[in-house]
Amino acid sequence: MIELAVGIFNGIGIGSVLLIAALGLAIVFGLMGVINLAHGELMMLGAYATFVVQNFFRDLDAGDGVFGLYIIVALPVAFLVSAVAGLILERGVIRFLYGRPLETLLATWGVSLILRQLVRSVNWLLTIAILLFCALFFGGMWLLRRRPNWEGMKGWAIAILLPLSLAIAGIAGWAMTGNATLARPWFGPRNLDVSTPPWLRGGFELGAYRLPYSRMFIIVLTILCLAGIYWFFNRSDWGLRIRSVTQNRDMSACLGIPTGTVDALTFALGSGLAGIAGCAITLLGSVGPNVGQNYIVDTFMVVVVGGVGNLFGAIIAALTIGVSTYLLGSGALARVFEDINSLQFVAEFLRFFTSTSMARVMVFVLIIAFLQVKPSGIFPQKGRTAEL
Amino acid sequence: MKPSVTHPSTAKSPRSKWWLEPAIALGIAIAFAVIMPLFLPVFRLRLLGRFVALAIAALGIDLIWGYTGLLSLGHGIFFALGGYAFAMYLNLQLPEGQIPNFFSLYGVDELPWIWQPFYSLPITLISIVLIPAIVAGLLGYLVFRNRIKGVYFSILTQAALLVFFNFFNGQQELINGTNGLSTNRYEIFGVASGAPEAQLAFFQLSTVMVALVYLVCRWLTQGRFGRMLVAIRDDEVRARFAGYDPTGFKILVFAVSGAIAGIAGALFTVQTGLITPGFMEVPFSIEMVIWVAVGGRASLIGAIIGTLLVRSAQTFLSEWSPEAWLFFQGALFLIVVTVLPQGLYGWFRDWAIPKLRSRLGLQPRLVSYPDIDLNPEVQQEHDELEHLDG
């Protein structure tokens with residue numbers, strides 16, 4: 001029984017990470033109807049931000065234990081980095097695709113490809129080239145925008161400025177390729193390790209088992225995030241506006257709520273939560289360009305099972321999926337049934353699914369079965385649509 | 001003078017030349033299949049053959065995404081199932097009593113029952129089409145029955161893809177797990193399937209298949225069935241209120257699309273020489289969608305053009321620099337979605353050709369509701385009214 005309890009605890013640890021990530025996704029999906037396939041990459045950005053902060057603290061550390069505090073700084077930094085990335089994504093791409101969910105899905109997948117390759121090959125050279133391009137293109141657009149006949153020449157301006165600034169940035173980048181320090185990638189394609197702060201190593205002994213402190217930390221972090229989100233949505237002005245836009249966008253716009261700003265803010269908030277999730281997963285394993293991909297489908301399942309725009313549904317779904325994946329995958333559930341003689345066949349059946357990948361197969365089957373009973377999640381959105 | 005009345009039966013009906021399009025499509029395909037080998041080196045020809053096989057899968061995607069509006073991110077499942085079926089048949093082309101080598105690695109000395117049917121070529125050919133269709137139909141039934149749609153459908157197909165990937169990856173004893181099945185060394189009709197002659201035959205088979213699948217899709221999308229698909233895409237609720245049951249149509253079209261992907265997978269596998277669960281990875285399935293998006297949705301021909309263009313661009317760019325390709329691919333997704341929502345075909349149709357016509361001083365072509373004047377029923381009504389008047 002203790003084993004089962006430990007399994008549930010570990011599952012809750014995984015479920016909490018899923019929950020933080022899924023919260024952001026669910027909020028964005030509930031508000032804008034947008035599935036953000038780049039959400040996993042925003043987690044990855046958070047994880048890389050944690051890595052950078054950790055390195056900075058390692059340099060700073062003079063043996064007085066300052067290093068261990070990096071995680072406290074890394075959390076807000078990861079939040080900010082991902083939130084800014086999300087803000088750019090919303091203002092730059094998603095804003096133009098509002099009301100076309102499938103196209104948004106593809107566009108965000110494109111962004112996720114770019115981000116994944118970006119962390120692999122980013123170096124000073126690329127940074128300089130990108131900054132140069134932005135300065136030329138957006139600077140030029142800004143200058144031209146003041147002309148009175150701007151609307152008439154807009155198409156031509158983009159057609160000329162875009163290739164021109166691309167060419168200049170490309171040539172500048174190519175000219176500097178000889179410089180080895182500039183051309184060295186910052187992170188490279190390999191997985192990087194973030195060392196857990198000393199005070200989170202080890203665990204709470206419980207007989208033959210151990211509850212790792214790092215997982216407890218993640219659980220506490222999740223609870224804090226949930227409390228923060230709850231406070232934000234229910235007690236702050238912007239939370240009220242977000243909720244009102246989620247319920248009825250047109251009516252809110254009529255009442256003077258700036259829906260564009262609400263969209264941008266919500267997207268930044270959701271992305272920031274992804275950043276925090278990214279920071280949390282550095283405690284569980286190494287950081288690589290594909291780290292977001294491991295979580296993304298599970299996160300979506302949380303949103304699908306939980307129902308749209310409902311915090312409570314997301315919590316239940318994330319914990320259920322996390323716990324059941326862990327219990328099935330680690331074989332803890334199979335061993336429980338082994339002790340009971342009459343249920344040997346159940347144990348045999350469960351043993352077939354005893355590996356992380358096979359557990360996923362089983363959980364998916366369970367989810368599909370669940371959706372046959374409740375097609376729109378645990379807590380479906382109430383409303384008078386003709387669709388459901 | 002009373003104008004002469006055109007009777008519906010004598011009117012030029014669009015069906016009178018029904019054989020013209022199939023003839024043209026097959027003619028182009030055969031010409032392509034004969035001419036290409038003449039001036040392409042063997043290596044490039046193999047690549048082209050693979051692209052053509054992928055174009056078949058893109059046709060299937062166009063059928064369900066372009067026409068029905070269901071974005072499936074899990075077509076890799078059906079693609080790989082078709083591939084596995086054919087690879088299993090090839091792997092069994094051994095002397096009596098032998099079983100494929102890899103089984104000995106895992107201590108299996110008897111052929112698992114799931115392999116047994118693949119001794120026979122007819123059963124294999126049927127299962128290349130049928131297994132993916134059944135899996136797609138089943139998945140479609142479970143999903144569409146509850147009116148799960150839009151992004152939910154996309155996410156569920158993606159999850160299903162992941163599940164199949166995990167399952168195939170984990171089954172070492174059954175289908176060689178991660179390593180997959182290789183086909184190059186095995187014989188088909190007495191020729192090693194990796195040999196140049198066999199590869200040429202596969203290339204030609206692929207081009208003919210592309211034409212055939214294209215024609216099947218054309219046939220499906222014209223007429224009532226196609227109208228129903230478009231109705232589901234444009235307003236499913238209204239279609240339901242009009243008394244149709246979209247669920248059955250959706251399940252059927254998903255199954256057909258899966259079957260098409262299965263054919264594509266089989267042809268792709270024999271030309272690659274290998275099938276692994278990697279075919280069921282998420283990026284590959286999403287990539288299929290972008291071929292259709294680049295070529296132009298709901299145009300069928302766009303799917304073929306898009307696949308050939310994007311895949312060729314990928315080959316040349318990755319030969320130059322693999323990093324550049326990934327950036328380019330990401331940008332391609334963004335550009336197609338934001339700037340070219342109708343794809344290249346749509347751009348030509350809606351912008352480039354009218355623009356060219358106006359530059360040449362031609363009158364813009366007036367477009368009325370599709371063929372309403374040619375519709376026999378409408379004409380008959382028209383005639384009857386005239387009779388009443390007269």
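This section describes the contact between chain A and chain B and the enclosed cavities of the structure. The model is a predicted one.

Chain B and chain A meet in a contact to which chain B contributes 43 residues and chain A contributes 39 residues. The area buried between the two chains amounts to about 3,900 Å², and carbon and sulfur atoms account for 77% of this area. Between chain B and chain A, 6 residue pairs are in polar contact, with both residues of each pair at pLDDT 80 or more. On the side of chain B that touches chain A, at least two residues come from each of α6, α10 (236-241), α12 (282-295) and α14 of chain B. Of these helices, α6(B) supplies the largest share, with 12 residues. The composition of this side of chain B by class is 27 nonpolar, 10 polar and 6 charged residues.

The interface of chain B and chain A contains 1 salt bridge. This salt bridge joins R297(B) to E103(A), and the closest N and O atoms of the pair lie 2.6 Å apart.

A search for enclosed space yielded 4 cavities of 30 Å³ or more. The largest cavity has a volume of about 100 Å³. Its lining includes residues of both chains: V297(A), D298(A), M301(A), I321(A), T325(A), R360(A), V363(A), F364(A) and I367(A) are joined by A159(B), L162(B) and V163(B). At least two lining residues are supplied by each of α12 (291-306), α13 (311-330) and α16 (356-373) of chain A, and likewise by α6 (151-170) of chain B. The greatest contribution to the lining of the largest cavity is that of α16(A), with 4 residues. By class, 9 residues of this lining are nonpolar, 1 is polar and 2 are charged. Helix α6(B) thus appears both in the lining of the largest cavity and on the side of chain B that touches chain A.

The second largest cavity holds about 50 Å³ of space. Chain A lines this cavity with E103(A) and L106(A), while chain B does so with W65(B), A293(B), R297(B), V336(B), V337(B), L340(B) and P341(B). Two helices, α4 (101-121) of chain A and α14 (322-338) of chain B, each provide at least two residues of the lining. The lining of the second largest cavity comprises 7 nonpolar and 2 charged residues, with no polar residues. Both partners of the salt bridge, R297(B) and E103(A), are among the residues lining the second largest cavity.

Conventions
Residues numbered from 1 in each chain as written. Chains lettered and ligands numbered in written order. Predicted model: local features only at pLDDT ≥ 70, side-chain atom pairs only at ≥ 80, totals over all residues. Heavy atoms only, no water. 1 Å grid on protein atoms, 1.4 Å probe; cavity = no way out; pocket = protein on both sides within 12 Å on 5 of 7 lines; lining within 4 Å. Points joined across faces, edges and corners; volume = space filled by probe spheres on them. Nonpolar A, V, L, I, M, F, W, Y, C, P; charged D, E, K, R; others polar. Contact = heavy atoms within 4.5 Å. Buried area = accessible area lost by both parts, 1.4 Å probe. Salt bridge = Lys/Arg side-chain N within 4 Å of Asp/Glu carboxyl O. Polar contact = N/O pair within 3.5 Å; in protein donor to acceptor, adjacent residues only side chain to side chain.
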